[in-house]
Amino acid sequence: NESTQGNFILLGFSDRPHLERILFVVILIAYLLTLVGNTTIILVSRLDPHLHTPMYFFLTHLSFLDLSFTTSSIPQLLYNLNGHDKTISYTGCAIQLFLFLGLGGVECLLLAVMAYDRFVAVCKPLHYMVIMNPQLCLGLVLVAWGCGVANSLIMSPMTLWLPRCGYRKVDHFLCEMPALIRMACVNTAAVEGIAFILAVGIVLSPLVFILVSYGYIVRAVLSIRSSSGRHKVFNTCGSHLTVVSLFYGNIIYMYMQPGTSSSKDQGKFLTLFYNIVTPLLNPLIYTLRNKEVKGALRRLVLGNLDLKKRL
């Protein structure tokens, strides 16, 4: 059976080798910085007692997601960009697609959970620690993971089982759903319809929830009389909104339209953007705009320096 035997060929920009060489260097640097940035966020959030709060519990999961998201595809992408071998095994392609859809879905839902956390912090500050108790935080994260994985368990097999009539050249860098749907030699309207319905549940619904939450947050902020209080709220919420805008903008463009309607080159660059640039920027957004994280980093660095002096 052609769907279970042989490798897929990831074409990428194989007709433009000079562009692939540039991309290899850029993606390698971005990937290494992503690993360092997100690992730093995880370590700082775990090691500094001041950051043992619901917000940083969710941020730790976001950083772990970003690490997993990029690592599920970037090493294979770098291997394909660096040489003449553009192949990926059927199993490798299936794993890549499953992780890509699953982790992307979890991130959509986790960003909605983080919006709810900010809503409670700003609109119900006196009850914040009671409402956002450890059991609820863990439950919300588990629901996000469960729904993301369930979405992938439905969409991955449906996409991979589409008849390809012996055609195994994927006009993309990765085994991504729109590119694999375009390879099918049958009418894909039904699969695209199911993908759209699932995308409404896992992409649009969380986005609507985020926008409604921020509507309440803005109303609460406008009632705060002190400018320092408003500035603090805008700082923490601004970071989250920036991440939401970067992530959702690309996801909606890629997955809320049929697989045949978007420009192929445009789709490739957008995939690279949300697979590389967004996970790279998330730690920067949260550290550069956040005094608590910068303070925690300073305490850890100074603490290590003091320890070395004593030794």
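I take the expected span of a helix as 1.5 Å times one less than its number of residues. The model I am reading is predicted.

**Overview**

I started with the whole protein. I found eleven helices and three strands. From the N terminus on, I read the order of elements as β-α-α-α-β-α-α-α-β-α-α-α-α-α. The protein has 311 residues, and 48% of them are buried. I then looked at contacts with a separation of 6 or more. Residues 24 or more positions apart account for 79% of these.

**Helix α2 by itself**

I picked α2, residues 54–71, for a closer look. How far apart are its end C-alpha atoms? They are 26 Å apart. The 18 residues should span 26 Å at 1.5 Å a residue, so the two values agree. Next I checked cover. I count 13 of the 18 residues of α2 as buried, so the helix is mostly covered, with buried meaning under 20% relative accessible area.

**α2 against α1**

I turned to α1, residues 17–47. The axes of α1 and α2 come within 9 Å and cross at roughly 155°. That angle makes α1 roughly antiparallel to α2, because angles over 145 degrees count that way. The crossing of α1 past α2 is left-handed. I listed who meets whom. On the α1 side I noted residues including Tyr31, Leu35, Ile41, Ile42 and Arg46. On the α2 side, Tyr56, Phe57, Phe64 and Leu67 are among them. By class, I have nine nonpolar, eight polar and two charged residues in the contact of α1 with α2.

**The loop before α2**

I stopped at Thr53, which sits in the loop between α1 and α2. Is Thr53 buried, exposed or partly exposed? Thr53 counts as partly exposed because its relative accessibility is 27%, and partly exposed runs from 20% to 50%. I also looked up its distance to Cys137. The two are 84 residues apart in sequence, and their C-alpha atoms are 10.0 Å apart in space.

**α2 against α4**

Last came α4, residues 90–123. Here I found the axes of α2 and α4 10 Å apart, at an angle of about 165°. That makes α2 roughly antiparallel to α4. I noted a left-handed crossing for α2 past α4. From α2, the contact includes Pro54, Met55, Phe58, Leu62, Leu65 and Phe69. From α4, it includes Phe100, Leu103, Val106, Leu110, Met114 and Arg118. I sorted the residues of the contact of α2 with α4 into 14 nonpolar, three polar and four charged. Leu59 and Asp66 of α2 are in my list for α4, and they also meet α1.

Methods: Residues are numbered from 1 along each chain as its sequence is written. This is a predicted model: local features need pLDDT of at least 70, side-chain atom pairs count only at pLDDT 80 or more; totals for chains, interfaces and linings use all residues. Side-chain values use heavy atoms; hydrogens and water are left out. Helices (H or I, at least four residues) and strands (E, at least two) are DSSP runs, numbered from the N terminus. Buried means under 20% relative accessible area, exposed over 50%, partly exposed in between (1.4 Å probe, protein chains only). Axes are lines fitted to C-alpha atoms, for helices over the stretch in contact, and angles run from 0 to 180 degrees between N-to-C directions. Angles under 35 degrees count as roughly parallel, over 145 as roughly antiparallel, 65 to 115 as roughly perpendicular and the rest as oblique. A crossing is left-handed if the near helix is turned anticlockwise from the far one by less than a right angle, and right-handed if clockwise. Contact means heavy atoms within 4.5 Å. Ala, Val, Leu, Ile, Met, Phe, Trp, Tyr, Cys and Pro count as nonpolar, Asp, Glu, Lys and Arg as charged, and the others, Gly among them, as polar.
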